[in-house]
Amino acid sequence: MVSFSLEGKVALVTGASYGIGFALATAFAEAGAKIAFNDIRQELVDKGLASYREKGIDARGYVCDVTKEDQVQALVADIERDLGPINILVNNAGIIKRIPMTEMTADEFRQVIDVDLNAPFIVSKAVIPSMIRNGGGKIINICSMMSELGRETVSAYAAAKGGLKMLTRNIASEYGEYNIQCNGIGPGYIATPQTAPLRERQPDGSRHPFDSFIVAKTPAARWGTTEDLMGPAVFLASSASDFVNGHILYVDGGILAYIGKQPK
Ligand code: NAP
Ligand code: GCO
């Protein structure tokens, strides 16, 4: 029987005090998983713990910068001590810097690559050995429209998310024989703090031009919500997707299929 249950599973969702990570961890908890999450600062972890408690979820929160390999190794050891081996990993933590490429410093470029591409490598590398020992696991990398498309001012982010698509496929290739499935979720434009600057009302009260642009580029004619990502994530975290590997599941309302609404 097809099962979407996560009963008895331990899930780590990185950067999940709020935003997309928080929604995915909530979905996993509702499907029966035990939740571990991290954030960079204690006050954010505390904020996240309070939010999970409000939903009746007994999550475990840890302070960890996912770009620091020693902190990640300690995080994985702490989770295994507290909850048991990690069965599901979501590499969700991410940043974006919207700067024209020729005005971006090499350090700014490196910072985005570090969080959005190097960190998923570091965290996956830390978790895979115990997944192999335990007969398998699920890794879900949070990719992006920018895994497929470019746009002005997001060169570092697109390079990272394009690389993350191929890291996903390579983990699937290298560890599939150990019953590890590694897939990606490619969200469209989702209403979270990360995209808040693109949705700000203009001084005259009109919608941000980018807000109108995205709505015209989306067949669903709306921004996505974090709730739109919950079902696809549970599918990829559950045994229902045991023969899905190396796939990027775009949850974008149809953006990648659509040339865009013609101006009236
Ligand atoms: P968000 O609201 O900015 O949340 C990002 C989370 O990652 C925050 O909790 C942040 O913590 C954490 N984080 C950042 N750097 C970290 C680090 N070095 N170590 C640990 N945690 C770190 O972003 P979001 O919109 O929820 O996006 C989550 C993921 O989805 C990202 O990978 C993003 O690229 C991707 N995505 C977003 C959209 C969208 O439209 N929103 C679409 C496609 C893909 P702090 O608050 O401490 O920085
Ligand atoms: C941007 C947005 C996008 C979204 C997302 C789209 O500035 O274009 O932040 O990058 O965050 O990645 O899938």
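In this predicted model, an N or O atom in the side chain of Thr 192 lies 2.5 Å from an oxygen atom of ligand 1. Two further pairs of atoms help to place the ligand. A polar side-chain atom of Lys 161 is found 3.0 Å from an oxygen atom of ligand 1, while Val 66 takes part through its backbone, with an N or O atom 3.1 Å from a nitrogen atom of the ligand. On its own, ligand 1 has 890 Å² of accessible area, and the protein covers 92% of this.

Where does ligand 1 sit? The space that ligand 1 takes is the largest pocket. Three elements each give two or more residues to the shell around the ligand: helix 1 (19-30), strand 2 (34-39) and helix 5 (155-175). In total, 30 residues surround ligand 1, and the closest are Tyr 18, Asp 39, Asn 92, Tyr 157 and Thr 192. Sorted by character, the shell holds 16 nonpolar, ten polar and four charged residues.

Helix 5 deserves a second look, for Thr 168 also has its place there. Is Thr 168 buried or exposed? Thr 168 has a relative accessible area of 0%, and because buried means under 20%, this residue counts as buried. The side chain of Thr 168 has a partner as well: a polar contact of 2.9 Å joins it to the side chain of Asn 141.

Technical notes:
Residues numbered from 1 in each chain as written. Chains lettered and ligands numbered in written order. Predicted model: local features only at pLDDT ≥ 70, side-chain atom pairs only at ≥ 80, totals over all residues. Heavy atoms only, no water. Near = heavy atom within 4 Å. Polar contact = N/O pair within 3.5 Å; in protein donor to acceptor, adjacent residues only side chain to side chain. Areas by Shrake-Rupley, 256 points an atom, 1.4 Å probe, with all protein chains shown as cover. 1 Å grid on protein atoms, 1.4 Å probe; cavity = no way out; pocket = protein on both sides within 12 Å on 5 of 7 lines; lining within 4 Å. Sits in = over half its atoms within 2 Å of the grid points. Helix = DSSP H or I, 4+ residues; strand = E, 2+ residues; numbered from the N terminus. Nonpolar A, V, L, I, M, F, W, Y, C, P; charged D, E, K, R; others polar. Buried < 20%, exposed > 50% of the residue type's maximum accessible area, 1.4 Å probe, protein only.
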